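Let's take a friendly look at how two chains meet, and then at one residue inside one of them. Keep the structure open beside you as you read.

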There are 2 protein chains.
Amino acid sequence: MFVNEKTYRTIWMEDGVVKMINQPLLPHQFEIIAYPTCAGTCEAIRSMVVRGAGAIGAAAGYAMAQAVREVQSSPDPLQALKLFTTMIMQTRPTAHNLFYAVDRVNTALTGIQDSARWVAVADHAAKQIADEDVEDGQAIGKIGAALITDHMRILTHCNAGWLAFVDWGSALAPIYTAKREGKNLFVWVDETRPRLQGARLTSWELMNEGVPHAIIADNAAGYFMQRGEVDMVIVGADKVARNGDTANKIGTFEKALLANYFHIPFYVAIPPSTVDMSCADGSEIIIEERDQDEVLTIYGKTQDGSFTSVQISHDGAMARNPAFDITPANLITGFITPKGIIPPEQLKYTY
Amino acid sequence: MFVNEKTYRTIWMEDGVVKMINQPLLPHQFEIIAYPTCAGTCEAIRSMVVRGAGAIGAAAGYAMAQAVREVQSSPDPLQALKLFTTMIMQTRPTAHNLFYAVDRVNTALTGIQDSARWVAVADHAAKQIADEDVEDGQAIGKIGAALITDHMRILTHCNAGWLAFVDWGSALAPIYTAKREGKNLFVWVDETRPRLQGARLTSWELMNEGVPHAIIADNAAGYFMQRGEVDMVIVGADKVARNGDTANKIGTFEKALLANYFHIPFYVAIPPSTVDMSCADGSEIIIEERDQDEVLTIYGKTQDGSFTSVQISHDGAMARNPAFDITPANLITGFITPKGIIPPEQLKYTY
């Protein structure tokens with residue numbers, strides 16, 4: 001998508017060098033960072049230079065493509081590749097797309113004895129993983145845009161934009177598509193405490209795509225719904241269970257309940273990989289509780305242009321910090337997927 | 001209440017000098033600041049060194065007591081007092097308690113020709129205003145504490161503690177009373193974006209009173225309710241209409257709706273002055289929209305102990321910032337008042 005009027009993907013590979021947007025610097029600085037080795041790309045995944053399910057999957061695919069280059073000089077390339085595979089899988093042990101990407105490249109290599117041929121095969125598989133992510137985003141965008149009529153005001157939570165994928169994104173893809181179709185629309189951006197992905201990333205994406213929007217405190221979503229100023233909610237998801245129960249960024253459940261109360265359509269936009277058919281319902285999803293410092297300190301830019309964290313409460317303050325919540329399927333109007341708009345109860349027949 | 005194991009009121013007067021806690025420095029520094037003149041006390045109200053309905057009322061009463069001292073040497077004390085009265089009333093033109101306090105002192109002075117006698121009369125009236133605020137808080141505390149059973153987990157939003165009044169507070173008074181009665185309890189503190197009064201003030205108050213608690217992102221309230229970890233919600237109010245519709249800090253409505261969904265009792269604790277019988281319902285309450293910088297920048301303490309604001313979003317980001325919302329009466333279990341627990345529909349017969 002657009003950054004300063006030029007188009008970018010979040011991650012790509014050129015001649016074996018993986019390049020990606022340095023996401024922790026956003027929205028204050030835009031920088032492309034290059035990793036010539038598999039170990040470097042692994043470190044980028046681990047330290048969240050790249051984040052978001054789709055983008056992590058692409059990064060893992062490219063890391064595999066780098067690995068097959070690096071094992072060429074090894075006395076036992078297959079054994080060496082196994083070690084690299086393990087290294088890549090340990091970077092973010094909870095990222096489903098990471099395992100999918102590693103498996104997919106390994107499967108493509110299976111049975112090819114001549115390791116010199118691996119490079120072209122792995123490159124092709126890695127590019128396919130990234131391209132399919134982009135195609136999923138485009139399909140979600142096209143299908144979701146059909147729900148958006150002129151002058152709609154759409155609320156979104158967290159960042160399920162192109163920065164979380166390779167391009168287009170999930171929740172924001174319908175918004176970008178509708179905008180490019182010439183529709184007038186407005187986006188309410190939940191700032192999304194504690195990590196402020198809405199204020200930091202979603203607002204930056206929308207600004208670059210020229211979509212009118214306003215950041216609001218998460219507390220204000222209900223107020224604007226109550227006043228009839230929200231026509232639709234679109235969010236992404238971290239994981240969707242077979243029955244449609246949806247794990248997403250903390251606060252999603254609150255917005256879903258509010259939308260339900262005001263009869264505002266609430267959509268979850270997802271690529272196929274987000275649905276976990278092995279998970280029966282939300283009760284099986286374990287919610288990660290993260291460090292309390294994410295609540296108690298906030299990072300940003302000072303007036304003199306430097307960057308710092310500030311402590312918002314008193315010394316020794318205590319916080320609890322669940323990272324996700326579960327939105328029950330009955331609060332979800334439908335899933336916007338590359339296969340169409342799917343009601344929660346149909347999900348298990350679709351995937 | 002307790003600060004570092006000593007008891008304080010938020011504001012008091014000694015020999016014509018008004019003393020108050022410098023609230024903008026909290027929770028990072030605790031400082032008592034003294035205002036020897038009426039103009040100084042007015043500036044403290046205007047610049048929010050003192051904030052909260054009850055505390056502002058007390059400040060205005062003391063400012064009047066200072067004014068009557070300062071007019072003693074005037075050729076026309078009555079005329080001079082009128083000028084001071086206007087000055088006090090212009091400090092926070094939307095603060096109902098401010099006008100109430102000014103009127104009350106003026107009424108006490110009515111008909112007293114000898115201006116030398118004004119000082120004692122005004123001092124007495126100003127002290128009464130402050131003392132009645134404390135008595136209201138104690139009564140709310142006692143009545144509200146009866147709702148609290150051992151091991152309850154109570155959620156509160158914003159700061160309706162003693163810092164917003166002269167002592168005890170409204171929403172937190174039942175918690176302090178229950179704690180002093182020996183009950184075990186736990187408080188979930190919504191951080192309350194954008195101005196973070198929960199993280200900054202409520203958590204600091206609870207820490208000083210030794211009440212176990214945790215700060216949470218406003219987004220996490222629904223999560224803990226969903227898990228059955230919230231037994232009751234108590235909030236304060238800025239203004240309550242005749243029918244029970246309640247204006248309070250932005251986000252209160254979201255928490256009320258969540259509580260309703262999970263059948264969690266939702267109480268609004270208020271002194272009598274918060275009920276505006278001239279206001280029929282919430283639709284008549286105008287919601288102030290404040291500067292977008294309250295959303296886009298956050299103030300706090302840096303690692304080196306200095307204080308700064310940080311910008312959380314990109315340059316030129318846009319935000320909307322409604323300060324309050326309206327919680328409809330049907331979502332409110334009851335009002336905790338000095339006269340008892342009052343269901344919303346009974347409010348108009350009580351006040």
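## Where the chains meet

Chain A and chain B each bring 65 residues to their contact, where contact means heavy atoms within 4.5 Å. About 4,900 Å² is buried between chain A and chain B, and carbon and sulfur atoms give 59% of that area. Buried area here is the accessible area (1.4 Å probe) that two parts lose on being put together, summed over both.

This is a predicted model, in which local features need pLDDT of at least 70 and side-chain atom pairs count only at pLDDT 80 or more, while totals for chains, interfaces and linings use all residues. Residues are numbered from 1 along each chain as its sequence is written, chains are lettered from A and ligands numbered from 1 in the order in which they are written, and side-chain values use heavy atoms, leaving out hydrogens and water.

## Salt bridges

How many salt bridges does the rule find across the interface of chain A and chain B? There are 6, each a side-chain nitrogen of Lys or Arg within 4 Å of a carboxyl oxygen of Asp or Glu. Lys301(A) forms a salt bridge with Asp315(B), with their closest N and O atoms 3.0 Å apart.

## A residue inside chain A

Now find Ile45(A), in helix 1 (residues 38-46) of chain A; helices are DSSP runs of H or I, at least four residues, numbered from the N terminus. Ile45(A) counts as buried because its relative accessibility is 0%, and buried means under 20% relative accessible area (1.4 Å probe, protein chains only).

Ile45(A) and Ala60(A) are 15 residues apart in sequence, with 8.1 Å between their C-alpha atoms. Beyond its neighbours within four places in sequence, Ile45(A) is in contact with residues including Ala60(A), Val50(A) and Leu98(A).

Note on methods: Helix = DSSP H or I, 4+ residues; strand = E, 2+ residues; numbered from the N terminus. Buried < 20%, exposed > 50% of the residue type's maximum accessible area, 1.4 Å probe, protein only.
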